[in-house]
Amino acid sequence: MAAIAIRGAEFSDLPYFYEICLKTGGAGNDASSLFYDPYIIGQYYAAPYLFFERDLCFVAEMDGVPQGYVAGASDTSAFNRWLESEWLPPLRRRYQNYAHEKIKTDVEKNSVALFYKKLDPAGEAERSFYKTYPAHLHIDLLPSLQGKGQGKALIKTLFAALVQKNVHGVHLGVSRTNAGAIAFYRKMGFASLKEEKWGLVMGAYI
Ligand SMILES: CC(C)(COP(=O)(O)OP(=O)(O)OC[C@H]1O[C@@H](n2cnc3c(N)ncnc32)[C@H](O)[C@@H]1OP(=O)(O)O)[C@@H](O)C(=O)NCCC(=O)NCCS
């Protein structure tokens, strides 16, 4: 029988973060065919978390191979400032001349555009939202590990780590078409907070 375990993430999990992010990045489905550059989506949604606050990143592995992760940031405003000052500038330089013929789909085009979206100047509404729900998370499991209770276990592990840091509000974004994830988040205690063009923002008190 396969051995499944959850553990704190290591820096050496980085390639798995990119891989899992890509293979679940199409509203929960494999997005590999949508990208010419397989790293773009993980550059934004997965890898930075390992460098910013690794103690809020956890991995679910099967037979010693990472097949899922949850990645959190306890203070979204601080995380966004760090993205602006440290993480995004080299990506902005690298991708500014990204040849148009290499952009395979609108999904890839929109993902590159995320690198250029200014993150820091949060308006008043956003600041008060971050006071109530300061943390945010991303969770992705490969199909081989889905439906086995590991998503729930990862969320509970992250929640415990956030509470240790005295953080009690967490939010996330989910595509409107990802009905499975929305149902999962509701089970985990998240409620829908606002509708954006790209999907739903959900939040939970822990
Ligand atoms: C969404 C995801 C994180 C859920 O993790 P999981 O390990 O499959 O879910 P679990 O087995 O831990 O399920 C926990 C609970 O949520 C429910 N749930 C999970 N997936 C569900 C689904 N698709 N539809 C309805 N309920 C679901 C389970 O029934 C279970 O309920 P219970 O506690 O009453 O038994 C995982 O399936 C996944 O990574 N999907 C692909 C990537 C993705 O969509 N990520 C989210 C992007 S915003």
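At 206 residues, a compact globule would come out with a radius of gyration near 17 Å, and the protein has 16 Å, so the two agree. Keep in mind that this is a predicted model. The secondary structure adds up to 8 helices and 7 strands.

**Overall dimensions and packing**
- The C-alpha trace spans about 45 × 45 × 30 Å along the principal axes of the protein.
- As for burial, 36% of the 206 residues count as buried.
- Take the contacts between residues at least 6 apart in sequence: 70% of them join residues at least 24 apart.

**The sheet**
- There's an open sheet of 7 strands here, and its pairing is mixed. Reading across, the order goes β1-β2-β3-β4-β5-β7-β6.
- Which strands sit at the edges? Those are β1 (4-8) and β6 (191-195), each of which pairs on one side only.
- On average, neighbouring strands of this sheet are turned by 25° against each other, with direction ignored.

**Zooming in on β4 and β5**
- Strand β4 covers residues 135-141 and strand β5 covers residues 169-175; they pair in the parallel sense, over 2 bridges.
- If you want a specific residue pair to look at, try A135, whose bridge partner in β5 is V170.

**A helix across the strands**
- Helix α8 (residues 179-187) lies across two strands, β5 and β7 (199-205).
- Relative to β5, helix α8 runs at about 165°.
- Those two strands, β5 and β7, also sit next to each other in the sheet order.

How values were computed:
Residues numbered from 1 in each chain as written. Predicted model: local features only at pLDDT ≥ 70, side-chain atom pairs only at ≥ 80, totals over all residues. Pairing = 2+ DSSP bridges. Helix = DSSP H or I, 4+ residues; strand = E, 2+ residues; numbered from the N terminus. Axes fitted to C-alpha atoms, helices over the stretch in contact; angles between N-to-C directions. Contact = placed C-beta atoms within 7 Å. Rg over C-alpha atoms; globule rule 2.2 N^0.38 Å. Buried ≥ 20, exposed ≤ 12 C-beta atoms within 10 Å, placed from the backbone.
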